[in-house]
Amino acid sequence: MPLNNQLFSINTKGGVVTVGNTIGLWGQALPTDGTTGNCSLDSSSNLLTMPYGSTILRAYLFYSGVYRTMDQDITGDRYAPVSLILPSGNIVLIDPENCYDNAEADNYWYHTSTDITASMELGGNYTVSSIPCVLGNNLDETLGNVRGGWTIVVIYQNIYSPARHITIWDEYYPIYNDYLDLLVSDFTTSPNGGLSGKIFASASNGNLFLSQINDDKRNLDIGTYLDPSQQSAVIRFDATGAGAANNQYFLELVALEIDLEYAAFTLTKSSTTKCETVGNVILYIISFTNDGNTNADNVVVSDNLDSAVSYLPDSIIANVPFIGDPSTQIILTSPVVPNETVTITFMVTINRVPNSNPMPNVAQVTYEYEASPGVILSDTVDSNVWCVCILDIIRGVPFL
């Protein structure tokens, strides 16, 4: 069957991270460590980390639990708000947006997901408290599946990451002594090989609610199972392994991350001198290399020159075809292929002492690339800040 409840999908440079925890209520005559016996007071925490330079595009909180057994019933409170404690210590009340119920025998459980993007504070320690859930005990063996807990899934953007197709689904499937095949079909892999991808999933079972069956060591890499130009796949979730007769778990979150082709530039700005006097010229150098695996197209180089200097006409030289100059834009007229380095030099005349001295300068490159057939992405990259000290022409010392 197809995955139906898609929460978010994007093609971008970035990735997925997940973090979560259990409440720890299963099979105990007394509350376990870290719990009070009162779900409105219980909480658990975990550390969310993301690569340096990341920004959050979308984040969701998934939580669920058992709300009714033979001798306990919190049906009326199962969709009560929970508290999300942020790394800063701020507390946000979260009302569930997407809610699901299921019931079998004498156990009733629910599942929710909520967009929490506006509340996120990047990486740090996150705590979720007051998740509605009955307390497990040893009075009846049917309570062996009492559980409760949470997962946060984050889609981040990062210019230093590979381009990826990312999709998140909110699903709720009980899997008993069987397997479940789910069809995904909203992606296209690279036609050129070198394929890589990853599945993220969260499932509940006993006190290991939403225990992630993935990690950042890429134990669920799927690259070896992908084919070039593939547009659909079946993900099998299996509960038929040897062991207890009652093999089961409850699938609640699925995310897919497929690496695409991408172009990526490392951009540097420099000059042949770090100090120059008014009336002389500075020779600037812009250099960038395509560190990606596909061509960069429609490459445009910009250089916001300080008002204290002016471009010296006809001084621009490049090792690739181009039109324009730093007074407007430098437009490359051919693609930059993988591993190709572009070098552009030009001169500026120093007309006066700048307001900010040493005088800073930053170059910028914008470009496009075809991440997969028909999928065109664009990026903008800034160079390092390069400073030149301008000397006063009269005194021969920096005018500061």
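## Notebook: strands, cores and odd backbone angles

I began with β18 and β24, which pair in the antiparallel sense over nine bridges. The model is a predicted one. For a register point I took Phe 288, which stands opposite Val 342 in β24.

Next I asked how covered β24 is. It is mostly covered: seven of its 10 residues are buried. I then looked up other partners of β24. Strand β20 (residues 309-311) runs antiparallel to β24, and three bridges join them. There I noted Tyr 311, whose bridge partner in β24 is Val 348. Strand β21 (residues 317-318) also pairs with β24 in the antiparallel sense, over two bridges. Here Ala 318 has Ile 344 as its bridge partner in β24.

Back to β18, residues 281-290. I found it paired with β16 as well, antiparallel, over seven bridges. Thr 266 is my register point here, standing opposite Thr 289 in β18.

Which residues of β16 are on its covered face, and which on the uncovered one? I listed Phe 265, Leu 267, Lys 269 and Ser 271 as covered. Thr 266, Thr 268 and Ser 270 make up the uncovered face. I noted that Lys 269 and Ser 271 are on the covered list.

**Cores.** Which members of the largest nonpolar core touch the most other members? I got Tyr 284, Phe 288, Val 299 and Tyr 367, out of 41 residues. Apart from that core lies another, of 24 residues. Among its members I wrote down Ile 56, Met 120, Val 128 and Trp 150.

I went back to Phe 288 and pulled its contacts, leaving out residues up to four places away in sequence. From β16 I recognised Phe 265, Thr 266 and Leu 267. Val 342, the residue opposite Phe 288 in β24, is on the contact list too. So are Glu 340, Thr 341 and Ile 344. The remaining entries are Val 299, Val 301, Leu 332 and Val 365.

**A four-strand sheet.** I traced an open sheet with the order β2-β8-β4-β5, paired antiparallel. Its edge strands are β2 (43-48) and β5 (91-94), each pairing on one side only. The twist averages 25 degrees from one strand to the next. Inside this order I checked β4 (residues 82-85) against β8: three bridges, antiparallel. Ser 83 has Ser 129 as its bridge partner in β8.

**Backbone outliers.** Most residues other than glycine have a negative phi, and most peptide bonds are trans. I therefore searched for exceptions to both habits.

Ser 130 came up with phi near 65 degrees, a positive value. It is found in the loop between β8 (124-129) and β9 (148-157). Is Ser 130 buried or exposed? Its relative accessible area is 18%, and the cut-off for buried is under 20%, so Ser 130 counts as buried.

Ser 229 has a positive phi too, of about 60 degrees. I placed Ser 229 in the loop between β13 (211-212) and β14 (233-238). With a relative accessible area of 38%, Ser 229 is partly exposed.

For the peptide bonds, I logged the one from Asn 357 to Pro 358. It is cis, with omega near 5 degrees. Where does Pro 358 lie? I found Pro 358 in the loop between β24 (341-350) and β25 (359-361). That brought me back to β24, the strand that pairs with β18 over nine bridges.

Note on methods. Residues are numbered from 1 along each chain as its sequence is written. This is a predicted model: local features need pLDDT of at least 70, side-chain atom pairs count only at pLDDT 80 or more; totals for chains, interfaces and linings use all residues. Side-chain values use heavy atoms; hydrogens and water are left out. Buried means under 20% relative accessible area, exposed over 50%, partly exposed in between (1.4 Å probe, protein chains only). Two strands pair if DSSP finds at least two bridges between them. A nonpolar core is a set of buried Ala, Val, Leu, Ile, Met, Phe, Trp, Tyr and Cys residues joined through side-chain atoms within 4.5 Å. Contact means heavy atoms within 4.5 Å. Axes are lines fitted to C-alpha atoms, for helices over the stretch in contact, and angles run from 0 to 180 degrees between N-to-C directions.
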